[in-house]
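The following exercises concern a single protein chain. Each task is followed by a solution that proceeds step by step.

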Amino acid sequence: MKKLTATLLLLALALGFAFAADGEALYTQYCQACHQADGEGLPGTYPFIGGPIKNLSTFDGGREFVIATTLFGLKGELVQRGYTYDGFMPGYAPVLDDEEAAALLNWILEQASWKRPGTQTATAAYTPEEVARVRTLQLSPEQVHELLTKVEEVMHATNPAGGNR
């Protein structure tokens, strides 16, 4: 009986890993067309995401903004690397479950080359539970932009590279 239980447990774990969300595949499917394979975006059209996400992921308000942007989108002006962006990013709450959103964000965090001098390098992984909590906020893209304005002050004050600009 113990062998059967152990075998079933191992099989369940293996299947769980087999069906675990693939952050790279999700990035390729949903993000790469705009933000490009290297996360650099298209200057003046779509912003760089690697360094800003890594910086924002180091504090609570920033983490909430990153998750909210992923789930609900973003509409409003932001300035980054000397470019002003005033476009619209769609939200992916309808197509990404909590595990997938966390896997996508964690894959972005793992991309070591997607940083610049002064970018924080170590941060806690996103969890499906964290994503689920933010999902309950049901924000509009404009409300997500309001979150950005709240976290920019913290980013600029704590990041020697100047936050997301």
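The model is predicted.

**Exercise 1. Helix 5**

Task: Determine whether the end-to-end span of helix 5 agrees or disagrees with the expected value, and state how many of its residues are buried.

Solution.
Step 1. Helix 5 has 13 residues, and at 1.5 Å a residue it should span 18 Å. The expected span is 1.5 Å times one less than the number of residues.
Step 2. The C-alpha atoms at the two ends of helix 5 lie 18 Å apart, so the model agrees with the expectation.
Step 3. A residue counts as buried when its relative accessible area is under 20%. Eleven of the 13 residues of helix 5 are buried, and the helix is thus mostly covered.
Step 4. Among these buried residues are Gly62, Arg63, Glu64 and Phe65; the list ends with Leu71 and Phe72.
Step 5. Just after helix 5, Gly73 has a positive phi of about 90 degrees.

**Exercise 2. Salt bridges**

Task: State how many salt bridges the structure holds, and examine where the partners of three of them lie in the chain.

Solution.
Step 1. The structure holds five salt bridges. A pair qualifies when a side-chain nitrogen of Lys or Arg is within 4 Å of a carboxyl oxygen of Asp or Glu.
Step 2. Glu130 and Arg63 form one of them, with their closest N and O atoms 2.7 Å apart. This pair links distant parts of the chain, since Glu130 belongs to helix 7 (residues 128-135) and Arg63 to helix 5 (residues 60-72), 67 residues apart. Glu130 is buried, at 17% relative accessibility, and Arg63 is buried as well, at 7%.
Step 3. Asp98 and Arg135 form another, at 2.7 Å from N to O. Here helix 6 (residues 98-110) supplies Asp98 and helix 7 supplies Arg135, 37 residues apart. Asp98 is partly exposed at 21% relative accessibility, whereas Arg135 is buried at 18%.
Step 4. The side chains of Glu40 and Arg81 also meet in a salt bridge, at 2.6 Å from N to O. Glu40 is in the loop between helix 3 (32-35) and helix 4 (50-56), and Arg81 is in the loop between strand 2 (78-80) and strand 3 (83-85), so the pair ties together parts 41 residues apart in sequence. Both partners are partly exposed: Glu40 has a relative accessible area of 31%, and Arg81 has 38% relative accessibility.

**Exercise 3. Packing of two helices**

Task: Describe how helix 2 and helix 6 pack, and classify the residues of their contact.

Solution.
Step 1. Two packed helices are described by the angle between their axes and the distance between those axes.
Step 2. For helix 2 (residues 23-30) and helix 6, the angle is about 90 degrees and the axes are 8 Å apart.
Step 3. Angles from 65 to 115 degrees count as roughly perpendicular. Helix 2 and helix 6 are therefore roughly perpendicular to each other.
Step 4. Helix 2 contributes Gly23, Glu24, Leu26 and Tyr27 to the contact, and helix 6 contributes Glu100, Ala103, Leu104, Trp107 and Ile108.
Step 5. By class, this contact has six nonpolar residues, one polar residue and two charged residues.

**Exercise 4. The chain as a whole**

Task: Which secondary-structure elements does the protein chain contain, and in what order do they run?

Solution.
Step 1. The protein chain has eight helices and four strands.
Step 2. From the N terminus, the order is α-α-α-α-α-β-β-β-β-α-α-α.
Step 3. Of the 165 residues in the protein chain, 41% are buried.
Step 4. Among contacts with a separation of 6 or more, 68% are between residues 24 or more positions apart.

Terms used: Residues are numbered from 1 along each chain as its sequence is written. This is a predicted model: local features need pLDDT of at least 70, side-chain atom pairs count only at pLDDT 80 or more; totals for chains, interfaces and linings use all residues. Side-chain values use heavy atoms; hydrogens and water are left out. Buried means under 20% relative accessible area, exposed over 50%, partly exposed in between (1.4 Å probe, protein chains only). Axes are lines fitted to C-alpha atoms, for helices over the stretch in contact, and angles run from 0 to 180 degrees between N-to-C directions. Angles under 35 degrees count as roughly parallel, over 145 as roughly antiparallel, 65 to 115 as roughly perpendicular and the rest as oblique. Contact means heavy atoms within 4.5 Å. Ala, Val, Leu, Ile, Met, Phe, Trp, Tyr, Cys and Pro count as nonpolar, Asp, Glu, Lys and Arg as charged, and the others, Gly among them, as polar.
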